[in-house]
Amino acid sequence: MAEKIILSGIKPTGRVHLGNYFGAMKQLVDMNATYAMIADYHTLNFIQNKEEMQNLIVEAVIDHLAIGLDPKKTILFKQSDISAHTELTWIFDTLVTVPYLERAHAYKDAEAKGKEVSAGTFNYPVLMASDILLYDADVVPVGADQKQHVEYARDIAGKFNHVFGETFKLPEPFIMKDVGVVPGTDGRKMSKSYGNTIPLFATDEEITKAVMSIVTDSGEGTPTNVYAIHALFRDKKDLDALYEEKKGKYKDLKEALIEDIKKFMTPLREKRKMIAADRDTVLQIIKEGSERAKAAADKKLLEAKKAIGVILED
Ligand code: ADP
Ligand code: TRP
């Protein structure tokens, strides 16, 4: 049986946090992903500043290398380096309808906030479908909130195949079961946009401050938000014993969590520092990754262009 193609992407929108790591990035490493993509064109919907964009892209590459992604095994590339992504998006745009895109959660959320939504935000799932379908991805590891987008990619592949003949593989989302949604310090989904994160490469001070600020309920003696984050660092049996022993002692439990996060974070932070010190190597890695990805993407795009009839054959 042929090896499964595993692909995921992350928007380089700022410091990554525990939600990004346990919900998505870690899986890329654990699963030995075939492709890891820096989704800079998706990010353009939010970051419209040259220096900031350049900086965020480089930081995102460093983040991936620091968590142990091996660029020899996983093709780490930048979306904007490969024009096939935007070109295929146009082809798909002619197949999807406006009401269909209006049902996307991300669009509905943006609309509900009463902001004017850019055409890029509206079109977000179509670009993401191109990201996935260009590489014949079988499996797309993502956090639970991205499941709908992977389903959009499936629908779009199905529609294209129906209209023009079998061309694209139908991808499956992969959501790590015992992680699902990582809660933030306020109990809502951990997210950069809520300001409730624990950064992945946080300093000791930042860890202490964030954990101490975790909102606790006055329920059964188990602070649910603290427990949910703690479960990422210890096995359940061990954790349940600790929470039983320290029932109601929220400060002690938070201190135990701080210790566990520090133990986990210190080596990671050191590794990141070393990688960041060699910027030339970092830039070379992304350049080579994009070259490798481009070869696959261009081939697939040509197949699609042949299928729709824009390539004239003699
Ligand atoms: P943010 O909400 O902080 O802006 P992104 O939308 O950039 O995060 O998400 C990047 C990846 O991390 C996605 O695959 C997403 O599903 C995953 N992810 C983000 N936050 C969480 C969370 N709290 N729990 C689990 N996965 C998450
Ligand atoms: N939309 C994803 C997010 O916000 C990032 C992304 C872009 C992606 N293209 C992708 C994820 C392709 C998986 C596959 O997290």
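**Exercise 1. Which residues lie nearest the centre of the largest pocket, and how many residues line it?**

Solution. This is a predicted model. Start with the count: 49 residues line the largest pocket. Then go to its centre: K11, F46, D145, Q146 and K189 lie nearest. Next, look at the elements giving two or more residues to this lining: β1 (7-10), α1 (18-30), α6 (105-112), α8 (124-133), β4 (139-141) and α9 (147-164). Finally, add the volume, which is about 1600 Å³.

**Exercise 2. Sort the lining residues of the largest pocket into nonpolar, polar and charged.**

Solution. Nonpolar residues number 21. Polar residues number 19. The charged ones come to 9.

**Exercise 3. Explain why the largest pocket lies between domain 1 and domain 2.**

Solution. Take the domain bounds: domain 1 is 7-180 + 279-308, and domain 2 is 192-273. Check the lining against both. Each domain gives residues to it, so the pocket lies between them.

**Exercise 4. Find the residues that come nearest to ligand 1, and trace polar contacts of this ligand.**

Solution. Ligand 1 has 17 residues around it. H17, D145, V182, S191 and K192 come nearest. Now take the contacts one by one.

- H17: a side-chain N or O atom is 2.7 Å from an oxygen atom of ligand 1.
- D145: a polar side-chain atom lies 2.4 Å from an oxygen atom of the ligand.
- M190: here the backbone takes part, with an N or O atom 3.0 Å from a nitrogen atom of ligand 1.

Last step: cover. On its own, ligand 1 has 530 Å² of accessible area, and the protein covers 93% of that.

Note on methods:
Residues numbered from 1 in each chain as written. Chains lettered and ligands numbered in written order. Predicted model: local features only at pLDDT ≥ 70, side-chain atom pairs only at ≥ 80, totals over all residues. Heavy atoms only, no water. 1 Å grid on protein atoms, 1.4 Å probe; cavity = no way out; pocket = protein on both sides within 12 Å on 5 of 7 lines; lining within 4 Å. Points joined across faces, edges and corners; volume = space filled by probe spheres on them. Helix = DSSP H or I, 4+ residues; strand = E, 2+ residues; numbered from the N terminus. Nonpolar A, V, L, I, M, F, W, Y, C, P; charged D, E, K, R; others polar. Domains from an automatic or database assignment. Near = heavy atom within 4 Å. Polar contact = N/O pair within 3.5 Å; in protein donor to acceptor, adjacent residues only side chain to side chain. Areas by Shrake-Rupley, 256 points an atom, 1.4 Å probe, with all protein chains shown as cover.
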